[in-house]
Amino acid sequence: MAFNKRVKIKTILEQGLIGSEITLMGWVRTKRSNKNVSFIAMNDGSIITNYQVVADPNFISDDVLKKCTTGACLKITGTVVESQGAGQSSELNAKSIEVLGEADPEKYPLQPKKHSLEFLREIAHLRMRTNTFGAVFRVRHALAFAVHQYFNDKGFFYIHTPIITASDAEGAGETFKVTTLDIGNPPKTEDGKVDFKQDFFEREANLTVSGQLEGELAAMALSEIYTFGPTFRAENSNTTRHLAEFWMIEPEMAFYDAEDNADLAEDFLKYLIRYALDHCQEDLQFLESRLLDEEKSKPQDQRSEMSLLEKLNFVVDNEFVRISYTEAIDILRNSNPNKKKKFQYLIESWGADLQSEHERYLVEKHFKKPVILTDYPKEIKSFYMRQNEDGKTVAAMDILFPGIGEIVGGSQREERLDVLLQRMDEMNIPKEEMWWFLDTRRFGATPHAGFGLGFERMVQFVTGMGNIRDVIAFPRTPGNAEF
Ligand code: 4AD
Ligand code: MG
């Protein structure tokens, strides 16, 4: 038998296989023994459920059994039999056990008990072996797969936009530099500045903050495209919603206006949630019970009104609220926390940037539904957004989710060359370097629109995980690039 002719636990549970001789490989979660027999709970990551192996000392030597400790990796051959105990329908009667990798119980940090998420973050190289992180990463996979399924079914093309670029698409100046220059002793120009002409790309380069600008170029040829790639932002935000390296999905569509854009975004988000509900039941049920446990330690008034599954179903079953920034400002200005000065940033006048406290008030307290906020003041949004007739606002769209705040940011794009050029001047966006972007407005321009979904924020919403560091395998945040 080839080494990898193993049967996954998921397959055993789905197919029954009573009476078959199989080989199981995986990691020991727990072992309990009495005089006559040992029970080993195995997990191989294929499914959240552990599978019980029964080891009879008549077949398995004491020496081997001693090494079957929590965390050890085993190859077990035996027969699937109906289970005597409650909780699972079958179990494996071991005929032979090979210890593939021992795990010294004195040193192995993951013990079969509850560990805090903070502690698990310090051992991120092992945390995927816990129920919680196994569930999170299986759901994350399902959502990534669903992204491709959704767009492929709709005839969108997946474009791989560059990771190294010379532009700062969002114009926020929060880029990580990419250079091969000796930073201790860089070559200088005559006026004493770093001479990037001598750098690898013969110019300044950085990691991308968004694939949008290149996505727009592709949409001007293939009509409907999407990107799904890593995104890097050097913003010093130590919050539960920000990563320095995150994944973003950015569809970009020719012949779409702002309303088409919002329709697509709402349909897409609902599709992803429905996909997870249909394909990740066991994991979501586990994550829901985990959250209910966590809630018990909170004061009554801070507990959420809905369980995880109720919340996911609620979002799928209800229309998102669509309101303009101007309407939102009115609601916020007259809200209790604003009048009682409970907001950290009080909303005084039109034009104020919305903070996450305001976004969450709208979604969690006022509407109790996801909200699509549109038509923001042009001053607080990016240069590429299409100006509205009023001359004050742009066709921007942010989607706000309960517990998360902003999950999507997008807009109809400014396709009119003269308006775009003027806006770039006003916002000090260098035009010369962006000649290729402007060319799409010179040659065959058309109304178009797009948006960006922060993938980790979506995974957070679906799994109910409170901290974004717990939905990406190896989080990158200020001061943290371990693993
Ligand atoms: O609103 P943002 O900055 O929009 C863009 O980048 C546009 N170019 C998108 C487009 O129109 N094609 O970012 C989009 C989303 C946010 O709504 C948020 O969900 C997520 O990306 N995001 C982050 N996620 C984790 N960590 C960060 N530091 C994030 N910054 C943005
Ligand atoms: Mg945004």
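Here are a few friendly notes on this predicted model, covering its two domains and its ligand.

1. Start with the overall layout. The domain assignment splits the chain into domain 1, residues 3-113, and domain 2, which is made up of 129-174 + 209-470. Their C-alpha centres are 44 Å apart, and the contact involves nine residues of domain 1 and eight residues of domain 2.

2. Next, look at where the domains meet. About 770 Å² is buried between domain 1 and domain 2, and carbon and sulfur atoms account for 51% of that area. On the domain 1 side, three residues are worth finding in the viewer: Arg-29, Ile-48 and Leu-110 together provide 61% of what domain 1 buries against domain 2, more than any other three residues.

3. What holds for polar pairs across this interface? The rule finds five residue pairs in polar contact between domain 1 and domain 2, but zero salt bridges. The face of domain 1 that touches domain 2 consists of five nonpolar, three polar and one charged residue.

4. Now turn to ligand 1. It has 24 residues around it, and those that come nearest are Glu-170, Gln-212, Glu-235, Glu-250 and Glu-406.

5. Some individual atom pairs help to place the ligand. One nitrogen atom of ligand 1 sits 3.0 Å from an N or O atom in the side chain of Ser-210. Backbone atoms take part too: a polar one of Gly-409 is 3.4 Å from a ligand oxygen, and a polar one of Phe-451 is 3.5 Å from a ligand nitrogen. On its own, ligand 1 exposes 620 Å², and the protein buries 93% of that.

Methods. Residues numbered from 1 in each chain as written. Chains lettered and ligands numbered in written order. Predicted model: local features only at pLDDT ≥ 70, side-chain atom pairs only at ≥ 80, totals over all residues. Heavy atoms only, no water. Domains from an automatic or database assignment. Contact = heavy atoms within 4.5 Å. Buried area = accessible area lost by both parts, 1.4 Å probe. Salt bridge = Lys/Arg side-chain N within 4 Å of Asp/Glu carboxyl O. Polar contact = N/O pair within 3.5 Å; in protein donor to acceptor, adjacent residues only side chain to side chain. Nonpolar A, V, L, I, M, F, W, Y, C, P; charged D, E, K, R; others polar. Near = heavy atom within 4 Å. Areas by Shrake-Rupley, 256 points an atom, 1.4 Å probe, with all protein chains shown as cover.
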